[in-house]
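Biologist: I'm new to this one and would like a close look at a single part. Could you take me through the sheet that holds the first strand, and then show me what lies around it?

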Amino acid sequence: MKFLIASDLHGSVKYVKELLNAINKEQAGRVILLGDLLYHGPRNGLSEEYDPQVVAELLNGIKNKLICVRGNCDAEVDQLLLDFPIMAKYAVMPVSSRLMHFTHGHVYNENNLPPLCSGDILVYGHTHVPLLKQVGQVVCMNPGSVSLPKNGSYHGYITLENGVFNFKDLSGEIKNTFSV
C-alpha cells in the first residue's frame with residue numbers, strides 16, 4: 001500500500017485541493033496528516049483561500065483514508081467539523097523492521113526525541129520546512145507544509161511505498177529520497 005504523509009494545511013482551500021489531486025495522482029491508499037489542519041495559528045498569516053469549513057468538507061470526503069495526529073493549532077472545536085479523529089498526540093506504524101512514530105513536532109522533534117529504538121523513524125511537521133536527518137540512531141523526517149512553507153521551501157508531502165520515502169512538491173516532483 002502507498003502512504004502519503006502531509007502536514008500543516010492551515011485551512012487553505014487552494015492547497016488542500018492540490019493535495020487531494022496529489023493523493024489521487026499518487027493513488028495513495030492511506031493519508032497521514034500531521035496536524036494543523038484548519039486554523040492558521042497566531043504566528044502564521046492567513047493561508048491562500050483560507051476557509052476552514054470548506055477544508056473540513058474536503059477532508060471529510062476522504063475520511064476513510066485518513067490517519068491524523070493533533071497539531072498545536074488543532075482544538076476540540078475543530079473536531080466538531082471533522083468526521084474523523086484528529087486529537088491523538090501520536091500514531092505508530094511498522095515499516096520493514098523499523099517503527100515509525102508520527103507526531104506534530106511542537107513537542108517531539110529532532111531536538112527532543114521521544115523514547116525510540118535504534119533505527120526507528122520520527123516523522124513530524126510543525127516547522128513548515130522539509131527535513132531528512134539522522135539523529136544518533138534515529139531518522140527524522142518532516143514533509144514541510146502543504147500551505148505555508150517556510151525558509152524558501154516548497155509546498156510538499158512525502159510518499160512511502162515498498163520502503164522508499166519520496167519527498168515531493170505538490171506537482172509530484174521528487175525533491176529527496178530515503179530507503180529503509
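Modeller: Here is a walk that starts at the first strand, follows its sheet outward and ends with the other sheet. Keep in mind that this is a predicted model.

Let's begin with strand E1, which covers residues 3-6. In a regular strand, side chains alternate between the two faces of the sheet. Here both faces of E1 are covered: Phe3 and Ile5 are buried on one side, and Leu4 and Ala6 are buried on the other.

Who are the neighbours of E1? On one hand there is strand E2, residues 30-33, which pairs with E1 in the parallel sense over 4 bridges. If you want a spot to click on, try alanine 6, which stands opposite leucine 33 in E2. On the other hand there is strand E9, residues 156-161, which runs antiparallel to E1 and is joined to it by 3 bridges. For that pairing, look at leucine 4, whose bridge partner in E9 is threonine 159.

Now follow the chain out of E1. Histidine 10 sits in the loop between E1 and H1. Its phi is positive, about 50°, although histidine 10 is not a glycine. Histidine 10 is also buried, because its relative accessible area is 0%, and the cut-off for buried is under 20%. After that loop comes helix H1, residues 13-26, and together E1, H1 and E2 make a right-handed β-α-β unit.

That unit also feeds the largest nonpolar core, which has 27 residues. Leu19, Leu33, Leu37 and Leu59 are the ones with the most contacts inside this core. E1, H1, E2, helix H2 (52-60) and strand E3 (66-68) are the elements that give two or more residues to it. H1 gives the most, with 7 residues. Leucine 33 therefore turns up twice on this tour: it is among the residues with the most core contacts, and it is the residue in E2 that alanine 6 stands opposite.

Step back and you can see the whole sheet. Its 6 strands run in the order E3-E2-E1-E9-E10-E11, and this open sheet has mixed pairing. E3 and E11 stand at the edges with a single partner strand each, so one side of each has no neighbour in the sheet. From one strand to the next, the twist averages 20°.

Past E9, the sheet carries on with E10, and these two pair in the antiparallel sense over 6 bridges. Glutamate 161 has valine 164 in E10 as its bridge partner. Further along this side, the model has 1 aromatic pair. The partners are phenylalanine 165 and phenylalanine 178, whose ring centres are 6.0 Å apart with planes at 40°, so the pair counts as tilted. Since phenylalanine 165 lies in strand E10 (residues 164-169) and phenylalanine 178 in strand E11 (residues 174-179), the pair ties together parts that are 13 residues apart in sequence. Both rings belong to buried residues: phenylalanine 165 has a relative accessibility of 0%, and phenylalanine 178 has a relative accessible area of 18%. There is one more ring to look at: the charged end of lysine 175 sits over the ring of tyrosine 154, 5.5 Å from its centre.

To reach the other sheet, go by way of valine 146, in the loop between E8 and E9. Valine 146 counts as buried, at 0% relative accessibility. Its C-alpha atom is separated by 10.0 Å from that of lysine 14, although the two residues are 132 apart along the chain.

The other sheet is open too, with 5 strands in the order E4-E5-E6-E8-E7 and mixed pairing. Strand E4 (90-95) and strand E7 (130-135) are at its edges, each with a single partner strand, so one side of each is left without a neighbour in the sheet. Just as you approach E7, histidine 128 sits in the loop between strand E6 (121-123) and E7. Phi of histidine 128 is positive, near 70°, and this is a residue other than glycine. Histidine 128 is buried, with a relative accessible area of 1%.

E7 then runs antiparallel to strand E8 (residues 138-143), joined by 6 bridges. Proline 130 has proline 143 as its bridge partner in E8, and glutamine 134 has valine 139. The hairpin of E7 and E8 has 2 residues between the strands, and glycine 136 takes a positive phi near 60° there.

Methods: Residues numbered from 1 in each chain as written. Predicted model: local features only at pLDDT ≥ 70, side-chain atom pairs only at ≥ 80, totals over all residues. Heavy atoms only, no water. Buried < 20%, exposed > 50% of the residue type's maximum accessible area, 1.4 Å probe, protein only. Pairing = 2+ DSSP bridges. Right-handed = clockwise from strand over helix to strand, strands pointing away. Phe/Tyr/Trp six-rings, centres within 6.5 Å; stacked < 30°, edge-to-face > 60°. Lys NZ or Arg CZ within 6 Å of the ring centre and 35° of its normal. Core = buried A, V, L, I, M, F, W, Y, C linked by side-chain atoms within 4.5 Å. Axes fitted to C-alpha atoms, helices over the stretch in contact; angles between N-to-C directions.
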